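User: Please take a close look at one strand in this structure, and describe how it sits among its neighbours and in the chain as a whole.

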Amino acid sequence: MNAMTGNIALDYPQIVAELKAELSRLSHGRFEIGDDTDLLGDLALDSLQVMNLLLEIEDKFDVSIPVNILPDVKTVRDLALQIENLVREK
Amino acid sequence: MGLFDKFQGLSAARRELGTLGIDPFAVEIEKILSPTEGIIHGRRTILAGTNNYLGLTFDPDCVKAAQTALAAEGTGTTGSRMANGSYANHRKLEAELAAFYGMRDAIVFSTGYQANLGMLSALAGAGDVVLLDADCHASIYDGCRLSGAEVIRFRHNNPEDLAKRMRRLGARAADTLIVVEGIYSMLGDRAPLKEIVAVKREHGGYLLVDEAHSLGVLGERGRGLVEEQEVLADADFIVGTFSKSLGGAGGFCVSDLPVLDLVRYSSRPYIFTASPSPATIASTRQALTKLAAARDLRARLRANYERLHAGLAGMGYTLGASPSPVIAVVLGDRLEALRFWNRLLQHGVYVNLMLPPATPNGVSLIRCSVSAAHTSEQIDAVCAAFADLRADAGIVAAELGTGT
């Protein structure tokens, strides 16, 4: 069972794993990505890249992620927690 | 962290430009000669990056209307319409815009940027959802931010992606505000409006179309993409600007919905700013009359942009979209684009340099905007400059989702 089925809520470790995989792809594997990796600082993503990251991962979790969350997102963990909330609220 | 530390990145970027001896974001047009020519760096230059689509900035009737209003009504209104009163001509322009679209009413804003800021921040609020195309203009993003609404992007020009997000919203979809543009300013591509309207019909919601770059350009009467794709009745709100095809400054929104009149009382970018000057309103009114009748100008504009598009495509350049007055040449990286832009200027051609993150998909663009006022000789001169650079530019065609 996975997120695409919508039958089971994803938990934090699964979300983080998906995020790391996507970020690794986005940064061409150049960085070691951990929970505390800073999206803008460590990965040098610009604001548009971070918004586009949301587009990429939304379908994995079958949620729409409002861009309003971004001011509260600095690290991978921040983003994962926000997504976890959205998935739970679904 | 100090107050000014946030500028360090910008400072470094500008120093880099300084070493190249150019700053494409601080170009001074030392003298403007016509809608399509100016003096830059002391030399006569073809202006192919001005958004002056119909070339009306020097139209004698528009200039005369502005001069007459200037003498009769003064240099400025010195206040906002709500606090200090509207002039009769503000309301006349609104009535004329509403009549042009066959809609109930219009609101005039002081700039195009403020039109989006004013409409979005008033229409949407905390607890509402705005669904916007990912490539929407900064004024739309900023309006959303000011609104406090939940903002969800959908993939650019992808109605299926919009529908997916509408489905996820469930019952909330019916009260969603969907925002798209007629012609997108970066790549020059058109929205698939018919398909977007079909999604709206299925799921509900309200549609706002920003026709900033398509007003006066598309449609038999110049009403934009809504007219060209015959979906005028499905657009709940149409936003536009006076600063492109109308050759002035200001913005507007037209709508058939009675709520528009209430927007005036809740839109901070409308309330807390000075109203457009009498000369601006007068030239815009005159230009609107011309625009509606300007089939000849639209035909000339089309001939010009098709000529330039075909010329550049024929040289092997990767272009952002099918022909429109906004023609984006996709280049490899920032530095290559910067050098290319500079060499075009040295060839006597002024265009726009567009760099990430202002551009989609991280591409660097040379953006041309074509005018009906360009002569075919000027279009050929622009083509010739691109041809000269083609040989040694070392262009790497960047991957782009849209076709050419």
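Analyst:
**Strand β5 of chain B**

Chain B contains 15 helices and 14 strands, and the model that shows them is a predicted one. Before turning to the strand, it helps to describe the chain around it. The C-alpha trace of chain B spans about 55 × 55 × 50 Å along its principal axes. Its radius of gyration is 21 Å, which agrees with the value near 22 Å that a compact globule of 404 residues would have. Of these 404 residues, 52% are buried, and among the contacts in chain B with a separation of 6 or more, 71% are made by residues that lie 24 or more positions apart.

Strand β5 of chain B covers residues 129-133, and 5 of its 5 residues are buried, so the strand is largely enclosed by the rest of the structure. The burial extends to both faces of β5(B): Val129(B), Leu131(B) and Asp133(B) lie on one side, Val130(B) and Leu132(B) on the other, and all are buried.

The strand belongs to an open sheet of 7 strands in chain B, with mixed pairing and the order β4-β10-β9-β8-β7-β5-β6. The edges of this sheet are taken by β4 (105-109) and β6 of chain B, each of which has a single partner strand, so that one side of each is left without a neighbour in the sheet. From one strand to the next, the twist averages 20°.

Within that order, β5(B) has β7 on one side and β6 on the other. With strand β6 (residues 150-154) of chain B it pairs in the parallel sense over 5 bridges, and here Leu131(B) stands opposite Ile152(B). Between these two strands the chain passes through helix α6 (residues 138-147) of chain B, in a β-α-β crossover that is right-handed. With strand β7 (residues 177-181) of chain B, β5(B) also pairs in the parallel sense, over 3 bridges, and Leu131(B) stands opposite Ile178(B) in that strand. Leu131(B) therefore has a residue opposite it in each neighbouring strand, Ile152(B) in β6(B) and Ile178(B) in β7(B), while being one of the buried residues of the strand, which is largely enclosed because 5 of its 5 residues are buried.

One step further along the sheet, β7(B) pairs with strand β8 (residues 206-210) of chain B in the parallel sense over 5 bridges, and Leu177(B) stands opposite Tyr206(B) in β8(B).

Terms used. Residues numbered from 1 in each chain as written. Chains lettered and ligands numbered in written order. Predicted model: local features only at pLDDT ≥ 70, side-chain atom pairs only at ≥ 80, totals over all residues. Buried ≥ 20, exposed ≤ 12 C-beta atoms within 10 Å, placed from the backbone. Helix = DSSP H or I, 4+ residues; strand = E, 2+ residues; numbered from the N terminus. Pairing = 2+ DSSP bridges. Right-handed = clockwise from strand over helix to strand, strands pointing away. Rg over C-alpha atoms; globule rule 2.2 N^0.38 Å. Contact = placed C-beta atoms within 7 Å. Axes fitted to C-alpha atoms, helices over the stretch in contact; angles between N-to-C directions.
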